Amino acid sequence: MRSWTSAICLLALPTLLHADQKFVKIQRVSGNQVAVVPDAGNDGGGAMGGGRRRGGGAAPGQPGVAGGRRGGAATTQPTILTISPATKITSAMRERRTFEFRVGAELAGGLKHRVFQEMKTPLPARIVSDGNQITEINVIISETDINQSTTTSNGEAIIAVRPKRPPMKRSSAAGEAK
Amino acid sequence: MTRRALLCAIILGCLNWLMLSQNQLRAQEDVRFFESKIRPVLVKHCYECHSSESGKARGGLKVDSRDALQRGGDSGPAVVAKSLEESALYQALLYHDDGWQMPPKGKLLQATLDDFRRWILMGAPDPRVTAINSNVASAIDIEAGRQFWAYQPLSATPPPATTSEWPTTAIDRFVEAKLREHGLTPVDDASPEVLVRRLYFVLTGLPPSPEDLQTWTSRLRVSPFTLQKDEFSSQPFAERKATLAQLVDELLASDRYGELWGRHWMDVARFAESTGGDHNNIYQHAWRYRDYVIDAFNDDKPFDQFIREQIAGDLLPIESDQEWANNVIATGFLAIGAKSVGEEDQQRFFADLVDEQIDTTTQAFLATTVACARCHDHKFDPIPQADYYALAGIFRSTETHYGLLKAQARQATTLIDLTGMGPTAGTPELNAGQYAALVKQRDDAAQAIENAMKKIRAGENVFRGLLRKYRSDRDETEAALQAYSDRGQPRVVAMGTQDRDAALPTRLLIRGELDKPAQFVERGVLQVLSPAKKQTLAALTKDASFRQHRTPGLPSLTHHSQSGRLELAEWIASPENPLTARVIANRVWHWMYGRGLVRTVDDFGHAGETPSHPELLDYLASRLIEENWSIKALIREIALSRTWQLASTYESQNYGIDPYNRFYWRMNQRRLEAEAVRDAMLAVSGQLDVNRPLGTYLREAGEGGVGQNVFEPVIRAIDNKTRSVYLPRVRSVLPEMLETFDAPDASLVTGSRDTTLTPLQSLFLMNNRFVQDQSVAISSRVMKQPASQRLEYAYLLTLGRLPSPSERTLVMEYLTGEEKLPLLCQAILCTVEFSSID
């Protein structure tokens, strides 16, 4: 069974990395490694990532995107990608009415961000690559404000969050030199 | 089994590679097509108005990168793969007769249009992805830059020796030396009336009452209102100084002091209660920062602590929840700036937000225009572009909570919840009925959306604007509801900042453009103001001299914040930072004299001016530090100098040498600030309410943007009798009187206000209802006096002096009946003398 998995990962990797951008679902994050599967239901409305959702239609433009879906078994088996620290990891959203793909703010901590650490279901994302290098991962999450806090795209207006507690004052050496 | 699996895998692999190589070949062809047929046309016909190179993005569109083309402009995506109808670029090229035609100089050849058609149907392949650029180096010589006067450590020049009897303080000795050097002689001391009125206005922004004026002037001379100038001058200076010191202390201890000097600082901190820009959404909770500033000045909070709280209050060590909450509110400084909350591109919005924070922080505390280095090395000052991004790394690792509702502003955030931590609520409690009504409103709004959605699902047409309004109503009422606990008690929320869970790595951006990243830049501070190689946060926190001035009460000297904001605040507030103390000392001098020793109070760089009295500036900065950064102590020292007590009289010989009074041979006569003009009118009419209002008057204006939910006339017409510092401060929509008398719009740091003299001001004073009402109220006060004293009282009340014989004659001729008294009072309010100080 492990041989099958290895073989399939081996097959899928070049297909995945060849694409300029590819819509995937992130299944698991461990350290700097990400397990992804192509996201058949989220083709981004085209290579531009800017069009309308076309349910089940052929992915336009990008051979890599199409390749991912044609891969048969590859759509169900995860591919492990190693992400470099220089990769920009951002939030993203689909515009409610037009389904336009919009890139949001950068996620502090990258793969250590809580959206990955606390992930319960696979996260839809777009992977942008330049040759063999992944330059950007845009993850669709419901939290869309610039602080990635609790104002959701569903219009739930949670107006305030509790502050993070600073340290208590100590009679330490700090500042005593004054 | 394993062998079969491997065999299958190899076969599948071969097929896959075959397919991939075919795809690659096709992709290469596509790219060649783009490079040969499409890109040259874009460069030739479109870049002029739609590219980073030209610096233009007409209609919000750029076509010089794949992302920009896909993102499109105001009219949506310019290119949508395989869809000619949805590709706005192609539709414009077709030159249909609907006003949507590009390029504007003429239609392209049919062959070119065919190329675009083919390209879009191919899937619009475009290889212009964002690439990481090679490292950007700076040509700035930092070591040479350190030689500039402003970046030198404070000098400890002693006050010049003198044999003259004129100087009474160290400040006077510095001033006198310059006067002597330029052949100038100081004019006489100001008369007691002038001096008392000046002190009241400069320290509290209000005029003295006739009783106070009489008390203090009588103490400053033997016989009030009859003494000659010479007699005043001959009074032993020590005694006069003691009396003046008593008056200064009394005024500094008054709560009115913080309202005026807090207002000064709010100009610098570009305080306003809205986002500005096209949307101009209201900040309902900015008033907490306003009150924090007023209290800080009244409490004489050490200025270094004031700096630390505003930049990094949320990270400072605390003793109690109350202290914690106050510190968080202080960070509203970083949150109240102007913002383009309608911006679609979140990353661009965030970059602009950080830029605004850098600009304000560096100008307010360091009088340095670091934001100029966003796109390139600073053109005048030794600030490489990397320094800007070192600071940007700190602010990028910070969450800014400024509020707003998602339905009304694309870039909304949460606020910070301080309920139960000490600060009082800004809204009254709701009773059960009011709370239930709010719940019903929210539920009704939610139901309206549900009904509309049902109609849409059933195929009925629902106007999109209506749906947007329903959503906005629901969010507004939901937010209003969440501002209370379920028992109707108001929650306490504030604007401010918090550290992110992790720092965001930051790249230098070529020309400041998001799609042109270069090398990563380590977080840090300005090189020119740091010892060599110690500008990064990592190096800074290991530096012994930096550690010496860290915040008292930190868990350890090695304690560090996630973002680096704490370290930035400590670095700015350090007595070893050559700019900080100089800048605030110069601001205080400016607020006392109407002009700074460095006239460009917000720019101490090469583009600014040099100080007229460099040694005096350093002396004041050193004194400030010695006095534990006490602003009140500095004000006191300046106010008690003889230089500050000079008259503002004209002297022809001095004027010939120094017409702009750069060397302080006299006091500058100046117009009062807009707030002081209004407050003075209310004060002399006896209408002024000196109590601080609860929260903000904008509470009545509602959530949302000006022109949408919030109406401009409502804000302009908000009528109350409190001090002007508590009036609504909406960007571009100031109360009429404040706007007429040059109150700043708060889009930028404003250390020095413009002073204009316009016919509009005179017309306002003559015709405005508010001014007329105050005139009537003044005349009522005057009428309560015995008939023989009315004229004197009216002058004392409004101008702080008795009428001259000629004025007395004129007025007596004019005042034939009581009905003319209000008009006389209004005429006095219209004089230059009323709205200026000598």
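Select A367(B) first. In this predicted model, A367(B) counts as buried because 27 C-beta neighbours lie inside 10 Å, and the cut-off for buried is 20 or more. Now look at the backbone here. Phi of A367(B) is near 45°, a positive value in a residue other than glycine. Why pause on that? Most residues other than glycine have a negative phi. To place the residue, show its flanks: A367(B) sits in the loop between helix 16 (346–366) and helix 17 (385–396) of chain B.

Stay in chain B and select A746(B). Is A746(B) buried or exposed? A746(B) is buried, because 24 other C-beta atoms lie within 10 Å. Check its phi next. A746(B) is not a glycine, yet its phi is positive, about 70°. Its loop runs between helix 29 (736–740) and helix 30 (759–767) of chain B.

Next, select M102(B) and P103(B) together. Look at the peptide bond from M102(B) to P103(B): it is cis, with omega near -10°. Most peptide bonds are trans. P103(B) belongs to the loop between helix 3 (88–93) and helix 4 (110–121) of chain B.

Now turn to the sheets. Strands of a sheet pair through backbone hydrogen bonds, either parallel or antiparallel.

Select strand 8 of chain A with strands 4 and 5 of chain B. In what order do these strands lie? The order is 8(A)-4(B)-5(B), in an open sheet of 3 strands with mixed pairing. Strand 8 (160–161) of chain A and strand 5 (493–494) of chain B are at the edges. Each has a single partner strand, so one side of each is left without a neighbour in the sheet.

Zoom in on the chain B pair. Strand 4 (residues 415–417) and strand 5 of chain B pair in the antiparallel sense over 2 bridges. Pick D417(B): its bridge partner in strand 5 of chain B is V493(B).

Move to chain A for the last stop. Show the open sheet of 7 strands, in the order 3-2-1-6-7-4-5, again with mixed pairing. Which strands stand at the edges? They are strand 3 (79–82) and strand 5 (101–106) of chain A. Each has a single partner strand, so one side of each lacks a neighbour in the sheet. Look across the strands: the twist averages 40° from one strand to the next.

Finish inside this sheet. Select strand 6 (residues 123–130) and strand 7 (residues 133–140) of chain A, which pair in the antiparallel sense over 6 bridges. Then pick V128(A). Opposite V128(A), in strand 7 of chain A, stands E136(A).

Terms used:
Residues numbered from 1 in each chain as written. Chains lettered and ligands numbered in written order. Predicted model: local features only at pLDDT ≥ 70, side-chain atom pairs only at ≥ 80, totals over all residues. Pairing = 2+ DSSP bridges. Helix = DSSP H or I, 4+ residues; strand = E, 2+ residues; numbered from the N terminus. Axes fitted to C-alpha atoms, helices over the stretch in contact; angles between N-to-C directions. Buried ≥ 20, exposed ≤ 12 C-beta atoms within 10 Å, placed from the backbone.
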